[in-house]
Amino acid sequence: MPLEPPAGVKPVPFKTHNRTITETDIVTFVNVVGLHEPFFIDMEYIKNNMSGRHRNRFAPGPMIISVGMGLLAPTVAGIIDKVLEGREHGPFGGMTGVQARVKGALFPGDTIHVEGEAWLRPPTSRGYTLMDLRHRVVNQHGEVLVDFTETVTFLPKGAVEAEAG
């Protein structure tokens, strides 16, 4: 399940620009990552074995998460700076986790954006700073398709200098 901010922590909200998903986007993603399952590559299988709106091409859940991260990418540095403002921390250490819940389907022609918030967790006992960025991928009808929290880590202050010395 996506994470919630700890009690008493004021999250920094964000909202991205819109992006309309095309059939080419979906086919390209499926081929790049090798998701050659009949649900994504065989339209006859889809028509004969799926129901409702799923009888058409739809995006795999990992694609919705990836596009959600991509929509945030142009502004994520500013969001991170705002959340870290006035806090001691070391260099960026990378993404350490994702918790997600897929709630709806994404189809060609759908327009999505991301709404969410970012916050810091209390520092770890080893001096690491953990930041959570909660993303809600929302379609043109206001439906949340995926709700996920990405956790990124900042190394302890002085960690890189200690390794180099």
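Helix 1 and helix 4 cross at roughly 110 degrees in this predicted model, with their axes coming within 10 Å. That angle makes helix 1 roughly perpendicular to helix 4. At the crossing, D25, I26 and F29 of helix 1 meet P62, M63 and S66 of helix 4. Sorted by character, the residues of this contact come out as four nonpolar, one polar and one charged.

**Helix 1, two sides**

Which residues of helix 1 are buried? D25, I26, F29 and V30. They sit on the same side of helix 1, because they cover an arc of only 125 degrees around the axis. There's a simple rule behind this sort of pattern: an α-helix has 3.6 residues a turn, so residues three or four places apart point the same way. Flip over to the other side of helix 1 and you find T24 and V32, both exposed. The cover over the buried residues includes strand 2 (19-20) and helix 2 (38-41), along with helix 4. Just past the end of helix 1, G34 takes a positive phi of about 80 degrees.

**Helix 5, much the same exercise**

Now for helix 5, where the buried residues are I79, I80, V83 and L84. They too are on the same side of their helix, since the arc they cover around the axis is only 125 degrees. A77, D81 and K82 are exposed, on the face of helix 5 turned away from its buried side. Among the elements covering the buried residues of helix 5 are strand 1, helix 4, strand 4, strand 5 and strand 6. Right after helix 5 comes G86, with a positive phi of about 80 degrees.

**The core**

What do these buried faces pack into? In soluble globular proteins, nonpolar side chains tend to be buried together. Here the largest nonpolar core has 35 residues, and I112 and M131 touch the most other members. Strand 1 (12-15), helix 1 (23-33), helix 4 (61-72), helix 5 (76-84), strand 4 (111-120), strand 5 (129-139) and strand 6 (144-154) each put in at least two residues. Helix 4 gives the most, with six residues.

If you want to click around in the viewer, try M131. Leaving aside residues up to four places away in sequence, M131 touches I80, V83 and L84, plus W119 and L120, and then E150, T151, V152 and F154. Of these, I80, V83 and L84 belong to the buried set of helix 5.

**R19 and N49**

R19 is found in strand 2, and with a relative accessible area of 33% R19 counts as partly exposed. Its contacts, again skipping residues up to four places away in sequence, are D25, V67, L71, D110, T111 and I112. Two of those names have come up before: D25 is on the buried list of helix 1, and I112 is one of the two core residues with the most contacts to other members.

N49 is found in helix 3 (residues 43-49). Is N49 buried or partly exposed? Partly exposed, with a relative accessible area of 47%.

Here are two C-alpha distances for these residues, set against how far apart the partners are along the chain.

| Pair | Apart in sequence | C-alpha to C-alpha |
|---|---|---|
| N49 and E37 | 12 residues | 13 Å |
| R19 and F92 | 73 residues | 28 Å |

**The whole chain**

Zooming out, the protein chain has six helices and six strands. Read along the sequence, they follow the pattern β-β-α-α-α-α-α-β-β-β-β-α. The C-alpha trace spans about 60 × 35 × 25 Å along its principal axes. How many of the residues count as buried? Of the 165 residues, 39% do. As for contacts with a separation of 6 or more, residues 24 or more positions apart account for 71% of them.

Conventions: Residues numbered from 1 in each chain as written. Predicted model: local features only at pLDDT ≥ 70, side-chain atom pairs only at ≥ 80, totals over all residues. Heavy atoms only, no water. Core = buried A, V, L, I, M, F, W, Y, C linked by side-chain atoms within 4.5 Å. Buried < 20%, exposed > 50% of the residue type's maximum accessible area, 1.4 Å probe, protein only. Helix = DSSP H or I, 4+ residues; strand = E, 2+ residues; numbered from the N terminus. Contact = heavy atoms within 4.5 Å. Arc of directions from axis to C-beta. Axes fitted to C-alpha atoms, helices over the stretch in contact; angles between N-to-C directions. Parallel < 35°, antiparallel > 145°, perpendicular 65-115°, else oblique. Nonpolar A, V, L, I, M, F, W, Y, C, P; charged D, E, K, R; others polar.
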